[in-house]
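User: I would like to go through a structure with you. Could you take my questions as they come?

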Amino acid sequence: MKGLLIKDLRLMKVQKNFFIIFIVIAVGMAAFSYDISFMLGFLSFVLSLFTLSTISYDEFDNGNAFLFTLPISRTSYTAEKYCLALLLGGGSCIFASILAVIFGIFNKTADFSEIAMTALAILPVLIVIQSVMIPFQLKFGGEKGRIALIGVLGLLFVVGIAFVKIAEMLGIDIIKVIENLPTVSMGVMAAIIFFAVVIILFISVKISISIMKGKEF
Amino acid sequence: MLKIEHLKKHYNNFSLDCSLEVKSGCITGLIGQNGSGKSTTFKAILGLISIDGGSVTVFGKDIQSFTAKDKENLGVVLSDSGFSGYLTVKDIIPILKNLYRNFNYMLFINQIRRFQLPLDKKIKDFSTGMKAKLKMLIAISHNAKLLILDEPTSGLDVIARDELLEMLREFMEEEEERSILISSHISSDLETLCDDIYMINDGKIIMHEDTDVLLSNYALLKTDQEQFKKLDKQFIIRTKKESYGYSCLTNQKQYYIENNPKIAVEKGTIDNVIAMMIKGEPK
């Protein structure tokens, strides 16, 4: 696992210019915008996407064939990609929060609780996005993966619209239903989100492992 | 060390059914034309593809149950794959150090210096010879018991090929137990290196012989029509119609030299033996 992480970090070094550009953009956002949530989300999301690019690098030039002759298993390879995504996502979220605090102090707009709340809200979203994207990238590779992902998002959109339309036809007002849901406390909500994210992550890892086990190189 | 029994793999227009064995302390060669099944066999041994039947055992363990730890005892060179071209030798060292518990840093770095491979240059910018040397150095850097080498000398000039073969000989001399399975389409490489040779054609092993026996006992008899008619064919393996008459492959060269002094006898080489095995008719 450690060897694979080192490999990916060394591969990401190739893209260090992009890293620097994104960080500069984030610093600009933090310096000139009062809305830190966008900067936090932007940096965490964009940097964690580098995980997907390491998968493309592995596949490039039939590299996977040699990679899987090294003392690694298909399971550990998959697990490493998730670890990398979490490290990059979590790391960049912390980094972005520090940026927000520093510039908040400078601009005298620092609201630590808001920064902390935003960072904590971004993390589950980040994990869910990666949980969807990593299996697609592993299954279809870089180019096809993006097309397949757009296809699935489009399909989800169509299903959503169809769901709303059907509800309308049946005379159900979805907004009212949502409004009438029993209100839960912040803590319970956080717990629900936490467990939902863990379950999504678990299912995603399982799917990715089975994708990798079925691959031939 | 490595045993393959009726390994089967089916593709749309190709079927592999291969059995072979690499014994401890031996260098075994696998030779065949392009598309004959060499790479498929190698991929199956390494667990890179699923198999449709048969078994592959390495160090007495089925390849299906091979763990990451077991893989530390393998050194692998694949002709069409390697570490990402975007990495440098400097990048690879910590990766190998963390993947292989027996990674020999001093040996690796000394060999890198010996072959003048640059530490900071991206592998994709290496010459073909440099890439091949690096692949081989990686394979022998962690005290592997078995090397699986698929076309390691492909695309190299004579000098670079000799250096690579020398590297393998040194590797074998260090420990008696080590073994190598190597494929090549350059038969002279295998003739000087291998203890025994398997020939594969159209997914099937068509011949297995000790290299010494192949080179000393095999021969090509060149006969005209008349000589062919009178020829004792009990030790003839293959015959082939030629413009001058027939060429016949035998594994009893001495017998025919003694009994047919007028027949032209050409010494057996891997090239002419495999050509006859593929294109010749069984007697």
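Analyst: Certainly. One term is needed at the outset: two residues are in contact if their C-beta atoms, placed from the backbone, lie within 7 Å. Please also note that this is a predicted model.

User: How many residues does each chain give to the contact?

Analyst: Chain A contributes 23 residues and chain B contributes 25 residues.

User: Which elements of chain A give two or more residues to the side that touches chain B?

Analyst: These are α1 (2–13) and α5 (63–67) of chain A. The largest share, six residues, comes from α1(A).

User: And what is that side like by class?

Analyst: The side of chain A that touches chain B has 12 nonpolar, six polar and five charged residues.

User: On to the interior. Which residues have the most contacts inside the largest nonpolar core?

Analyst: They are A:Met39, A:Leu40, A:Ala100, B:Ile45 and B:Ile148. The core itself has 114 residues.

User: What is A:Leu40 in contact with, leaving aside its neighbours within four places in sequence?

Analyst: A:Leu40 is in contact with A:Cys93, A:Ala96, A:Ser97, A:Ala100, A:Thr118, A:Ala119 and A:Ile122.

User: Let us turn to chain B. How many helices and strands are there?

Analyst: Chain B has 11 helices and 15 strands. Its C-alpha trace spans about 70 × 40 × 35 Å along the principal axes. Of its 283 residues, 40% count as buried. Among contacts in chain B with a separation of 6 or more, 70% are between residues 24 or more positions apart.

User: What is the strand order in the open sheet of five strands?

Analyst: In chain B the order is β14-β11-β13-β12-β15, with antiparallel pairing.

User: Which strands stand at the edges?

Analyst: They are β14 (264–267) and β15 (281–282) of chain B. Each has a single partner strand, so one side of each is left without a neighbour in the sheet.

User: Does anything pack on it? I mean, which helix packs on the sheet?

Analyst: Helix α11 (residues 270–279) of chain B does, touching β11, β12 (236–242), β13 (245–250) and β14 of that chain. The direction of α11(B) makes about 80° with that of β12(B).

User: How many bridges join β11 to β14 in chain B?

Analyst: Four bridges join β11(B), residues 219–223, to β14(B), and these strands run antiparallel. Within this pair, B:Leu221 stands opposite B:Val265.

User: And what about β12(B) and β13(B)?

Analyst: These two strands pair in the antiparallel sense over six bridges. They form a hairpin with two residues between them. B:Lys241 stands opposite B:Tyr246 in β13(B).

User: How many bridges join β12(B) to β15(B)?

Analyst: Two bridges join them, and the strands run antiparallel. The bridge partner of B:Arg238 is B:Pro282 in β15(B).

User: Staying in that sheet, is B:Glu242 buried or exposed?

Analyst: B:Glu242 lies in strand β12 of chain B. It counts as exposed because it has 11 C-beta neighbours inside 10 Å, and the cut-off for exposed is 12 or fewer. The C-alpha atoms of B:Glu242 and B:Lys222 are separated by 8.9 Å, with the residues 20 apart along the chain.

User: A different topic: how many residues of helix α1 of chain B are buried?

Analyst: Eight of its eight residues, 38–45, are buried. They are B:Lys38, B:Ser39, B:Thr40, B:Thr41, B:Phe42, B:Lys43, B:Ala44 and B:Ile45. B:Ile45 also appears among the residues with the most contacts inside the largest nonpolar core.

User: What comes just after that helix?

Analyst: Just after α1(B), B:Gly47 takes a positive phi of about 70°.

User: Where is B:His6 found, and what is its phi?

Analyst: B:His6 is found in strand β1 (residues 2–11) of chain B. Its phi is near 45°, a positive value in a residue other than glycine. With 12 C-beta neighbours inside 10 Å, B:His6 counts as exposed.

User: Finally, where is B:Asn143 found?

Analyst: B:Asn143 is found in the loop between α5 (128–139) and β7 (146–150) of chain B. It has a positive phi of about 55° although it is not a glycine. B:Asn143 is partly exposed, because 18 other C-beta atoms lie within 10 Å, and a residue needs 20 or more to count as buried.

Definitions and conventions: Residues numbered from 1 in each chain as written. Chains lettered and ligands numbered in written order. Predicted model: local features only at pLDDT ≥ 70, side-chain atom pairs only at ≥ 80, totals over all residues. Nonpolar A, V, L, I, M, F, W, Y, C, P; charged D, E, K, R; others polar. Core = buried A, V, L, I, M, F, W, Y, C linked by C-beta atoms within 7 Å. Pairing = 2+ DSSP bridges. Axes fitted to C-alpha atoms, helices over the stretch in contact; angles between N-to-C directions.
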